[in-house]
Amino acid sequence: MSPVRVRTPIGRLPASAVVAANVAFWPTWTLLVGWLAQRTSDARFQRDDPITRPRAIERQGGLYRDDLHIHRWKDRLPEAGTLFGGFAKNTVGSGDDAVLQQFLVETRRAEHAHWGMAAGAVITTLWNPWWAFGINATVAASANLPCIAVQRYNRLRLARVLERGRRSATSSR
């Protein structure tokens, strides 16, 4: 019995080879993007950009808090920020402004990394049949959108805490 073959952009391939390519691609891509993000200068993430800027739909965090109830499940997501020597979130409890500012930087870095990881779905179109894009896009979205939501939720909360601290420091002068 010959193997099942599927038509892909690079020719007819055994379905098992396509599946194997996807299984190998996702963890490799995820690690590569995470590694590159960790090696990107903090200066790149000091301020919000078109990807990380707050949106009106987020209602200053209400979307995440009230609609998605993110505070109930966010701690169940895997934490890989320190995998390549990154920021340890357990230092945030100190409330030190410098630590909170660094956490803001790390939320932007992580959001960019997760968008980059999700973009891997486009790369998979090189060796997959056209209909498999939906499967890979679903894998990418389900693995990365919750993490992106957590980064955005944390950043909005941190920004409020830092702003309150700035206001109270200004008013006490």
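This section describes the fold, the long central contacts and the salt bridges of a predicted protein model.

The model has a mean pLDDT of 90. A score of at least 70 is reached by 89% of the residues. Among the elements, confidence is highest in helix H5 (residues 120-123), at 98. Helix H6 (residues 132-171) has the lowest mean, at 90.

The protein contains 6 helices and 2 strands. Along the sequence, the order is β-β-α-α-α-α-α-α. Of the 173 residues, 35% are buried. The accessible surface comes to about 10700 Å². Carbon and sulfur atoms account for 63% of that surface. Contacts often join remote parts of the sequence. Among contacts between residues at least 6 apart, 76% join residues at least 24 apart.

One example of such proximity involves helix H1 (residues 15-38), which contains threonine 30. The C-alpha atoms of threonine 30 and methionine 117 are 5.5 Å apart. In sequence, these two residues are separated by 87 positions. Threonine 30 has a relative accessible area of 32%, so it counts as partly exposed.

Helix H4 (residues 97-118) was examined next. Its 22 residues should span 32 Å at 1.5 Å a residue. The end C-alpha atoms of H4 are 32 Å apart, in agreement with that expectation. In H4, 16 of the 22 residues are buried, so the helix is largely enclosed by the rest of the structure.

Side chains of opposite charge can pair when their charged atoms come close. The structure holds 11 salt bridges. One of them joins aspartate 42 to arginine 109, with the closest N and O atoms 2.2 Å apart. Aspartate 42 sits in the loop between H1 and helix H2 (62-67), whereas arginine 109 belongs to H4. The pair therefore ties together parts that are 67 residues apart in sequence. The two partners fall into separate exposure classes. Aspartate 42 is partly exposed, at 30% relative accessibility. Arginine 109 is buried, at 3%.

A second salt bridge that involves H4 pairs arginine 155 with glutamate 111. Here the closest N and O atoms are 2.3 Å apart. Arginine 155 lies in helix H6 and glutamate 111 in helix H4, so this pair links distant parts of the chain, 44 residues apart. Both ends are enclosed. The relative accessible area is 5% for arginine 155, which is buried. For glutamate 111 the value is 1%, and this residue is buried too. Arginine 155 and glutamate 111 also take part in a network of salt bridges. The other residues linked in that network are Asp48, Glu58, Arg108 and Arg152.

A further salt bridge joins lysine 74 and aspartate 75. The closest N and O atoms of this pair are 3.8 Å apart. Lysine 74 has a relative accessibility of 19%. The cut-off for burial is under 20%, so lysine 74 counts as buried. Aspartate 75 is exposed, with a relative accessible area of 68%.

Technical notes
Residues numbered from 1 in each chain as written. Predicted model: local features only at pLDDT ≥ 70, side-chain atom pairs only at ≥ 80, totals over all residues. Heavy atoms only, no water. pLDDT = per-residue confidence, 0-100. Helix = DSSP H or I, 4+ residues; strand = E, 2+ residues; numbered from the N terminus. Buried < 20%, exposed > 50% of the residue type's maximum accessible area, 1.4 Å probe, protein only. Contact = heavy atoms within 4.5 Å. Areas by Shrake-Rupley, 256 points an atom, 1.4 Å probe, with all protein chains shown as cover. Salt bridge = Lys/Arg side-chain N within 4 Å of Asp/Glu carboxyl O. Expected span 1.5 Å × (residues − 1).
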